[in-house]
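Trainee: I am new to this structure. Can we go through it step by step?

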Amino acid sequence: MLYQLLFALHDDVSWLSWLNVLRYTSTRILLATLTALVLSLILYPWFIRTLQKIQLGQVVRDDGPKSHFSKRGTPTMGGSLILFCLIIPTVLWSDMSNGFVLLATAVTAGCGVIGFIDDGLKIRKKNSGGLPGKMKLLLQFLIAGAAVWYLFSPLSGLMPEGIRYRLAMPFTDFYEHFFVLPEWMYLAFATLVVVGFSNAVNLTDGLDGLAIGPVVMSAATFLVLTYAAGTLIAGFDIARYLNIPHIPGVGELAIYCGAMCGAGIGFLWYNTFPASVFMGDVGSLPLGAGIGFLAVASKNEFTLVVVGGIFVLEAVSVIVQVVSFKLTGKRVFKMAPIHHHFELKGWSEPKVVVRFWIISFMLALIGLATLKLR
């Protein structure tokens, strides 16, 4: 909204003609990123003190690594400020008449409410149970399903008809190598991507800084992917040149991505080992859902598996552990999610986190390489 207010002045006031620069998406990406980062760095000290004052401390699972028992009482629900520092810059610097931005913020806020309720119940009950799993999934599917349905509905006019239900694999030409799913199947698949990634990020959020690092790298990658898919530069179609789908308007999501990067880096300043504040489900669920929505909106559903490989690995490790134990009574890993497995093997917490960051960075580069290697 601030963008629309200031940009209107470039014609009305002669000495403000320089505000014409706001019409460039790249300028507003930088402004949103900086706004989110500055807000985070300024507000978190006060926010942490407030959480300590009202005693919103972390509840640690009893069957977890013993080294985590010292984390009890550390302020949690820090993700609520991440959402504030993500949504406010997005609203300020993006075109809020853009349907993609509205849906992204709605999915983020909706899953944030679910996470808030979940965290609140954990603190109130003094255990790590929280909201019942089936209820949590039902609410996530309702929010993601509604957003996906509207995104691909002909009524919204957001997704071009020719590519609406089309899927392509990374490193292939989107216009030559693809397959089309029936409408119901594609909508179910896209909804599953959003919900699945939301929970994958939630599972990853178990060590200081572990989840937020790959979240920032994934957001930065989708900043490039959404910008390329939806931006014309002097009439030049970047998407067509790269053989990726051109989706008018989706480039505005790059501003949302920039805000996520800024908010995430600001949070990491206080979440790095030893953490002064934890994210909680109020942060991990909406951030994961937001990234999943970015993949669906930019037609990068399978590229997300590469870019968010760390989150996929964490989710798969839990599935494998549960299935193996139920079928054979044996565990594949010492503990799931897999980051706990490496802890119990003797890796220090910072070593696990940094090595997972390095892997995430490599996967982000591979994800970006899909733009050129086709």
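The questions below move from the whole chain to one helix pair and then to a set of charged side chains.

Trainee: How many helices and strands does the chain have?
Mentor: Keep in mind that this is a predicted model. The secondary structure of the chain has both kinds of element. The count is 14 helices and four strands.

Trainee: What share of the residues is buried?
Mentor: Buried means under 20% relative accessible area. The chain has 374 residues. The buried share of them is 53%.

Trainee: What share of the exposed area do carbon and sulfur atoms supply?
Mentor: The chain exposes about 16600 Å². Of that area, carbon and sulfur atoms supply 69%.

Trainee: At what angle do helix H3 and helix H9 pack?
Mentor: H3 covers residues 79–93, and H9 covers residues 253–271. Their axes lie 8 Å apart. H3 passes H9 in a right-handed crossing. The packing angle is about 145 degrees.

Trainee: Which class of residue supplies eleven members of the contact of H3 with H9?
Mentor: From H3, the residues include Ile 82, Leu 86 and Trp 93. From H9, they include Tyr 256, Met 260 and Phe 267. By class, the contact has no charged residues and one polar residue. The eleven others are nonpolar.

Trainee: Which helix holds both Lys 122 and Asp 118?
Mentor: The side chains of Lys 122 and Asp 118 meet in a salt bridge, at 3.6 Å from N to O. The two residues are four apart, about one turn of the helix. That helix spans residues 99–125 and is H4.

Trainee: Is Lys 122 buried or exposed?
Mentor: The cut-off for buried is under 20% relative accessible area. Lys 122 has 18% relative accessibility, so Lys 122 counts as buried.

Trainee: Which residue in helix H5 forms a salt bridge with Asp 118?
Mentor: The closest N and O atoms of this pair are 2.9 Å apart. The pair links distant parts of the chain, helix H5 (residues 133–152) and helix H4, 18 residues apart. Both partners are buried. The partner of Asp 118 in H5 is Lys 136.

Trainee: How far apart in sequence are the parts that Lys 122 and Asp 281 tie together?
Mentor: Their side chains meet in a salt bridge, at 3.2 Å from N to O. Lys 122 lies in helix H4 and Asp 281 in helix H10 (residues 281–297), so the parts are far along the chain from each other by 159 residues.

Trainee: Which residues are linked in a network of salt bridges?
Mentor: The structure holds six salt bridges. The network links Asp 118, Lys 122, Lys 136 and Asp 281.

Key. Residues numbered from 1 in each chain as written. Predicted model: local features only at pLDDT ≥ 70, side-chain atom pairs only at ≥ 80, totals over all residues. Heavy atoms only, no water. Buried < 20%, exposed > 50% of the residue type's maximum accessible area, 1.4 Å probe, protein only. Areas by Shrake-Rupley, 256 points an atom, 1.4 Å probe, with all protein chains shown as cover. Axes fitted to C-alpha atoms, helices over the stretch in contact; angles between N-to-C directions. Left-handed = near helix turned anticlockwise from the far one by under 90°. Contact = heavy atoms within 4.5 Å. Nonpolar A, V, L, I, M, F, W, Y, C, P; charged D, E, K, R; others polar. Salt bridge = Lys/Arg side-chain N within 4 Å of Asp/Glu carboxyl O.
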